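Trainee: I would be grateful for a close look at one part of this model, followed by an account of how other parts of the assembly are arranged. Please take the local backbone and its surroundings as the point of departure.

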Amino acid sequence: MELIQQTVNALSIGAIYALIALGYTMVYGVLKLLNFAHGEMFMLGAFFSYWLIAQVVGSSETLSFLQFVGIGLSILFSCLLVGLVAMLLERIVYRPLRGKPRLSPLLGALGMSIVLQNVVQISVGPGIFAYPTLFGSTRIEIGGIGINRTAIVIIGLSVALMAALQVFLQRSRTGVRIRALAEDHEIARLIGIEINKPIAAIFFIGGALGALGGVLYAANYGVMQFSMGTIVGLKAFTAAVLGGIGSVPGAVLGGFLLGLLETFAAGLLPKLTGGLIGTEYRDVVAFAVLIVVLIFRPSGLLGRPEGTGEASDKKDF
Amino acid sequence: MNQPHPFPGFSHAIVRWGVLAALVGVIFFAVPLMAKVYELRVLNNLLLYMLLGAGLTIVVGYAGLLDLGFVAFYAIGAYSYAILASAQFDFHLPFLLVLAIGTILAAFTGLLLGYPVMRLRGDYLAIVTLGFGEIIRIIINNWNGLTNGPKGIARIDRPDLLGWQITTPRDLYLFLLVVVILVYTLVFRLERSLLGKAWRAMREDQVALRASGVDTTRLKLLAFALSASIGGAAGVFFAASQRFVSPESFVLHESILIVVIVVIGGVANLIGTVIGAFVVVIVPELLRGYQDYRMLLFGLLLVLGIILRPEGLVPQRYGIGWILKKTGWR
């Protein structure tokens, strides 16, 4: 009973990690860039949607049908908005640094992360905001087990979007171009693939999915803060690396795996060690597992082995 | 030889020695006499970050391995001193002994981390080192029995150098200045040595180097251990100068700042590292008047700087060697 409850919790946080990890992994796959500003897309998603939902709901106690639709549209709109922010970021910061020494775009990303966090902190203040529990806290009985409605929405929505992304990458023209670019930049350019549009598309999709992750995270835990993107972004990044950075299915696998690891490590650690090592070592377990996995599979669980594609040829400086 | 000399008249030995003497006079005598206590504290901070920058330059700059967990070694050095020379456990080992212990411990940890992860390519290494940094921080934060947890360790002994008690910020400034000059000389010699050349070759083409029979794993481990030892030593100095350590000082943000120091000034270039430390320590101080907008402006300057000068502020070829050559020292 409690085991199932815990598994559902693990899967919902895992789904959020996976959503964010997709943005990291797609950008890395094509540009070989560690986009450190991606965690801020997650944060912006929560803040934009908070503001929009507040406009829709106002001070009314009970919600009308129209307001329900309004909330849905607010979430959608904030994801699209953040997608545009991510595109803008690519256009202004990363594109001029394309083909430059590899650490330069990394530094640009770090700088933008500082900028975005501070813009939000200055405009709304450094406090913690209470985020509305959008999907209600009622439990739904499935086979005699009560499951939190928010968890069902999170898992359902994320899985549906990840499947849609996979179809998009496999079937659509832009998707094929993106995969070609990820395969080999030079060859893709040689056969006449326009590179700016697919790259912009990646940033848009990644940013929008990250923003949705932010909405779901804030709705699940009921809080948000300007600095929330740092630690969750780091976890999602870990998930992407665990699954094999550059691999879309890998990011999904890594996200769910990290969610499970964290939740169960937190529960089991005190029991296994007789209280010597407590739940506060949860993140240590996550990182230790990452290190062990990388020792045995240096490219992550589903990543391509070293030596293929452009990544290994590209100089660091 | 037919080219006009970039600094005319500088080749005269008297001029050269004169400029050097003036430089020494300013940084050793004028600055500590003129600067206020607050300014000296900022300068000491600058010197510490210059040390950290030199340490990370070895791994990131010379060997081309992206290390995002450098602060872990800094923490190990700092906590070595805090535990072995404070009222916490009533151990009061002499400063120089702890300096040796902290340095060796950090180097050893560097090897321990380096050994399993050597097979990893650049970006995987980045996340593993980042994770390692977090692991160390979490352990420090929670191992209350040893580190006193989030409360940190206070009442750390003043450093005592064979009878010279370092008490004022002025003493500390002079002491750190000498350390920085020593470490930079050492690292510069390293850059010029065969080892330095091997690191550069590894950075440019690892496969070719391995094919010519060089053991790249050993090279990487050496880079890790040497840079970690400088990080550990810097940690000991940090603990001795603050006389208080807590996990707050060793967060990921700190590692990232050190990477910024190494990259923004110009990678694999010690002059660039010095300038990077100025950017990271002095620029936020100068922006202090803008209060809330300080970090925002800092971030914007960082982004603008890297877009305008993607190779860093000082390109690699204009290093210490270039200055020495152009001014006729070599």
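Mentor: Lys32(A) is partly exposed, because 19 other C-beta atoms lie within 10 Å, and a residue counts as buried at 20 or more. The model is a predicted one. Lys32(A) is placed in the loop between helix 1 and helix 2 (38–57) of chain A. Although Lys32(A) is not a glycine, its phi is positive, at about 55°. Most residues other than glycine have a negative phi.

A second residue with this feature is found in chain B. Asn148(B), not a glycine either, has a positive phi of about 65°. The loop that holds Asn148(B) runs between helix 6 (144–147) and strand 3 (160–161) of chain B. Asn148(B) counts as buried, because it has 20 C-beta neighbours inside 10 Å.

From the loops one may turn to the contact between the chains. Chain A contributes 38 residues to this contact and chain B contributes 37 residues. On the side of chain A that touches chain B, the elements giving two or more residues are helix 4 (103–124), helix 9 (228–243) and helix 11 (282–296) of chain A. Helix 4 of chain A gives the most to that side, namely 12 residues. Sorted by class, the side of chain A that touches chain B holds 26 nonpolar, six polar and six charged residues.

The nonpolar residues also deserve attention in the interior. The largest nonpolar core has 202 residues, of which Ala18(A) and Val260(B) touch the most other members. Helix 1 (residues 2–31) of chain A supplies the largest share of this core, with 17 residues. For Val260(B), leaving aside neighbours within four places in sequence, the contacts are Leu107(A), Leu110(A), Gly276(B), Val280(B) and Leu302(B).

Two of those partners, Gly276(B) and Val280(B), recur where helix 12 of chain B meets helix 2 of chain B. Helix 2 (residues 37–62) and helix 12 (residues 270–286) of chain B pack with their axes 9 Å apart, at an angle of about 140°. Helix 2 of chain B and helix 12 of chain B are therefore oblique to each other, since an angle has to be over 145 degrees to count as roughly antiparallel. The crossing of helix 2 and helix 12 of chain B is right-handed. Helix 2 of chain B brings residues including Val42(B), Asn45(B), Tyr49(B) and Gly53(B) to the contact, while those from helix 12 of chain B include Leu270(B), Phe278(B), Ile282(B) and Glu285(B). The residues of the contact of helix 2 with helix 12 of chain B comprise 12 nonpolar, five polar and one charged.

Two further residues of chain B complete the account. Arg203(B) belongs to helix 8 (residues 194–204) of chain B. Arg203(B) is buried, because 21 other C-beta atoms lie within 10 Å. Its C-alpha atom is separated by 8.1 Å from that of Leu65(B), and the two residues are 138 residues apart along the chain. Leu252(B) has its place in helix 11 (residues 252–264) of chain B. Leu252(B) counts as partly exposed, because it has 17 C-beta neighbours inside 10 Å. Apart from neighbours within four places in sequence, Leu252(B) is in contact with Leu130(B), Gly133(B) and Glu134(B). The C-alpha atoms of Leu252(B) and Leu146(B), 106 residues apart along the chain, are separated by 22 Å.

Note on methods. Residues are numbered from 1 along each chain as its sequence is written. Chains are lettered from A and ligands numbered from 1 in the order in which they are written. This is a predicted model: local features need pLDDT of at least 70, side-chain atom pairs count only at pLDDT 80 or more; totals for chains, interfaces and linings use all residues. Two residues are in contact if their C-beta atoms, placed from the backbone, lie within 7 Å. Helices (H or I, at least four residues) and strands (E, at least two) are DSSP runs, numbered from the N terminus. Ala, Val, Leu, Ile, Met, Phe, Trp, Tyr, Cys and Pro count as nonpolar, Asp, Glu, Lys and Arg as charged, and the others, Gly among them, as polar. A nonpolar core is a set of buried Ala, Val, Leu, Ile, Met, Phe, Trp, Tyr and Cys residues joined through C-beta atoms within 7 Å. A residue is buried if 20 or more other C-beta atoms lie within 10 Å of its own, exposed if 12 or fewer, and partly exposed in between; C-beta atoms are placed from the backbone. Axes are lines fitted to C-alpha atoms, for helices over the stretch in contact, and angles run from 0 to 180 degrees between N-to-C directions. Angles under 35 degrees count as roughly parallel, over 145 as roughly antiparallel, 65 to 115 as roughly perpendicular and the rest as oblique. A crossing is left-handed if the near helix is turned anticlockwise from the far one by less than a right angle, and right-handed if clockwise.
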